[in-house]
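Good morning, and thank you for joining this session. Please bring up the sequence and the structure, and I shall go through selected features in turn.

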Amino acid sequence: MSYKTKDVTLSADRPKTLLLQKHSDYLASYGLNKNDYEFCMTEYLRMSGIYWSLTAMELMDQSSRMPKEEIINFISSCQDSESGGISASNGHDPHMLYTLSAIQVLSMYDRLDAVDVEGVVRFVSSMQQEDGSFIGDKWGEVDTRFSFCAVMCLSLLHKLDSINVTKAVDFVLSCMNFDGGFGSKPGSESHAGLIYCCVGTLSICKRMDALKADELAWWLCERQLPSGGLNGRPEKLPDLCYSWWVMSSLSMLNRIHWVDKKNLEEYILACQDSETGGFSDRPGDITDPFHTLFVGSGTAGSLIAQRIAKETNYTFVVIEAGAKSHFFHDIPVFGPLLHNSIYDWQYETVSQKGACLAMEGSKCKQTQGKILGGSSKLNNMIHVRGNLSHYVEWFHGLYTKEYIQKQFQYIENNIFHLNDLQYQSILSEAVLEAIKELNFNTLENDYGIGFKKSILTQNNGKRWTTSDKVDTKHIFTNTLVEKLLIKNYKCIGVQISPSKNIIHAKKGVIVSAGAFNSPKLLQLSGIGSAEVLKPLDIPIIKELPVGKNLQDHVGTGLDLVLFNETQSITMFDIMNFWNVFRYFYYGKGPLTTPGCEVIGFISTKNVTAPNLQYMVLPVGISADRGSYFRKNLGITDKIWSNYFAKIFDKYSTTFMTLLLHPKSRGEVRIQSKNSNIPPIINPNYLHHKDDLKILVDGLKMLKKIIETKTMKSISAQLNNLHFPGCEDYNFFSDDYLECYVRHLTLTSFHPVGTCAMGLPESKNSVVDTSFKVIGIDNLYVVDSSVLPTLPSGNINAAIAMIANIFFENTILVKSTNKSNVCDSRTLKEAIFRICVQQ
């Protein structure tokens, strides 16, 4: 069987000379800023970092630039007085790896007197086991690396006789494989790094005669790939670090000439960072932990992150202000319970002049997910493509309708999990029959005039989001990004809260924090309008219309349709053991309900493009008698008592009547430099008179639907109570309906437009059609905020579509290695440490 070689391609413009000065500057600058994020996050391997840095500086004849006395004092402070071992940093456990690094550094400085040498010998010898192996620390991990650490350390201290050398050698030889190589323990796969440790151990112990020298050297030479680089094992990409492990081993075997040194040299030189100095694992990769930072883990951020992990070699991290989710959060029927919880930003609008009058302070709640997965963990899971022609307009003809259709097909076939309804009430079938009486079609796809059952982002009946496919090792949760770091009109990283630490990014920062938090972050970072930034004394880096153009699918219709019998599931249905079993075992039953079972699209202007959407939910907020849903919306006591509480004898349902393309425009703006202070959100709901008229016409059409024979046959009836505040108008007259809409104004939580995409020369654009923030390099916004207008339906699918376009045309085309391999060893180490510390 043959395998396709995994390798990289060296670019023509790669570095071809050794950049000694840049490398010495790079190493000398490490640790100067003790608050630097990478410095803090590499604390767990600091001692080894000092050794490798000092060795490199010595080779470049620059060791005088290293803070000698500070290093020696640091090593002294890391020795454990009880065991004698030395740790990676203060407060860490002593370990063989860092004990060796410390002794190597002190030997180079000729300052072994700075530590208790006898204590070191005692620690190292105490780690030897009965079979001759060594453990790394008190926790008991056995590895041939620790055998090398022991003999190397004791050799430097001239104390090799303090251990059983014969047993140590016998254990190492027991780890030899048929190919001549060595693994971490007997039976483990051969690995170049471990081969170095085992050959080094045998060399120090003068037992090189026990090696299968030719077989081993041949195995090591096979690690060289066409690019010239060396990998650590078969079928792996090259990694610069193996240049040391492999070549050192071959040198000890006197077979270093078996490798193509010229090609290896070209690979090594290509791994240099010509801007900052330092080396990376592969050409083009970053010299410090992260290529790319994501701010936000909603639909867009998570989709891009998962494709980066799968299809590129870039390292990245997703920074999420909220917490990780729980399997409980994936039970669809419980989705509304996350609203107004710790998993919600709990934002609200400012007082609206002609809308939200039934809510406390005339303020509408603005539910947005503060959780891994973002608002896709709180929404109705409805998948709607919308009007493809609108998307062509968004990109100003850059992409055709056919191309955008293929993007939807890709995410539907390769990324999303889509299900039909796994449970439905009587109401859904009745509505689809009723609309036929009014000559509406049942839609085959999700766009046009007509109605259809909801298609859902579910997997086997459970809520599914793009974040479900992102490996948690790439994610920081409970971490708020305070501001973007911009230098010379280039975004170089972010500052996080509460630590004030900095995370650097070489390739770019992708902001996917949503229509409220993305403009908030840009404004806090000095990108926005002067009228917002100047009063807060925030220096203006780039003046752009950030926060303008806020739009939302606004509507009405709560508990407007009543029935004599329940149309929805009850608490008994939810708690019924059989239904619980059906959910967990079959992915079916009432626990899978999304809330909205049917969606419909109509035009009040009798044209082919709809301007209204209906969302049919077989439940109203009066169903829980005011215990929860009412609070989520902020309904006033007066409204509740005089309207909703009076229909407890009926079964209420909701036919949400939503305006698809409002003409009203609002704004999001920060009110403080403090990133913890919520932004001011003013959507200006119903400010434009046309918005109100379309909703009134939509309610009139709803009345016709309710009056069909089919609906009447299941006792459907309009709630004929006058809405409080509208008693002076004739029931269901235009004036009454206008009053009703202005009072019971509802949002479907689909805000868009606050970092609008457009042509760079347009005064309304914040990002261009590549999603790059205009005038700022390496900074991108990819989320609902960039949509210049609202899609014709629920927005989650459209957000996924633009995220896929961004990946295909901005990230993938720039990736130097398009193999489906991601080797993020350094990132993995950093992430795991962060998780432990949090």
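Which cysteine forms a disulfide with Cys726? The partner is Cys739, and the two sulfur atoms lie 2.1 Å apart; a disulfide here is a pair of cysteine sulfur atoms within 2.5 Å.

Before I continue, a word on the basis of these values. This is a predicted model, in which local features need pLDDT of at least 70 and side-chain atom pairs count only at pLDDT 80 or more, while totals for chains, interfaces and linings use all residues. Residues are numbered from 1 along each chain as its sequence is written, and side-chain values use heavy atoms, with hydrogens and water left out.

Let me stay with the cysteines. The torsion about the S-S bond of Cys726 and Cys739 is -90°, and the link is left-handed. Cys726 sits in the loop between strand E22 (717–718) and helix H25 (734–743), whereas Cys739 belongs to helix H25, so the pair ties together parts that are 13 residues apart in sequence. As to terms, helices (H or I, at least four residues) and strands (E, at least two) are DSSP runs, numbered from the N terminus. Both Cys726 and Cys739 are buried; buried means under 20% relative accessible area, exposed over 50%, and partly exposed in between, with a 1.4 Å probe and protein chains only.

The structure holds two disulfides. The other bond joins Cys356 to Cys364, with an S to S distance of 2.2 Å. Its torsion about the S-S bond is about -110°, so the disulfide of Cys356 and Cys364 is left-handed. Cys356 is buried at a relative accessible area of 0%, and Cys364 is buried at 3%. With bonded cysteines counted along the chain, the pattern is 1-2, 3-4. Cys175, by contrast, is in no disulfide: the nearest cysteine sulfur, that of Cys198, is 5.9 Å away. Cys175 is buried, with a relative accessible area of 0%.

Why does Cys755 form no bond with Cys491? The sulfur of Cys491 is the closest cysteine sulfur to that of Cys755, but at 13 Å it is too far for a bond. Cys755 is also buried, at 0% relative accessible area.

I turn now to the sheet. Strands E9, E10 and E11 form an open sheet in that order, with antiparallel pairing; two strands pair if DSSP finds at least two bridges between them. Strand E9 (480–487) and strand E11 (502–504) stand at the edges with a single partner strand each, so one side of each is left without a neighbour in the sheet. Neighbouring strands are turned by 30° against each other on average, direction ignored; the axes are lines fitted to C-alpha atoms, for helices over the stretch in contact, and angles run from 0 to 180 degrees between N-to-C directions.

How many bridges join E9 to E10? There are seven, and E10 covers residues 490–497. Among the partners, Leu480 stands opposite Ser497, and Leu485 is paired with Gly493. The hairpin of E9 and E10 has two residues between the strands, and in it Asn488 takes a positive phi near 55°. On the other side, E10 and E11 pair in the antiparallel sense over three bridges, with Gln495 opposite Ile502. E10 is mostly covered, as six of its eight residues are buried.

A parallel pairing is found between E2 (residues 316–319) and strand E8 (residues 475–476), over two bridges. Ile319 of E2 stands opposite Phe476 in E8. In a regular strand the side chains alternate between the two faces of the sheet. In E2, Phe316 and Val318 point one way and Val317 and Ile319 the other, and all are buried.

Two asparagines in loops deserve mention. Asn478, in the loop between E8 and E9, has a positive phi near 55°. Asn778, in the loop between strand E23 (746–747) and strand E24 (779–781), has a positive phi near 65°. Is Asn778 buried or exposed? At 15% relative accessibility, Asn778 counts as buried.

Finally, a helix. H23 (residues 689–706) has 18 residues and reaches 26 Å from its first C-alpha to its last, close to the 26 Å expected, where the expected span is 1.5 Å times one less than the number of residues. Its buried residues include Asp691, Leu695, Leu699 and Ile706.
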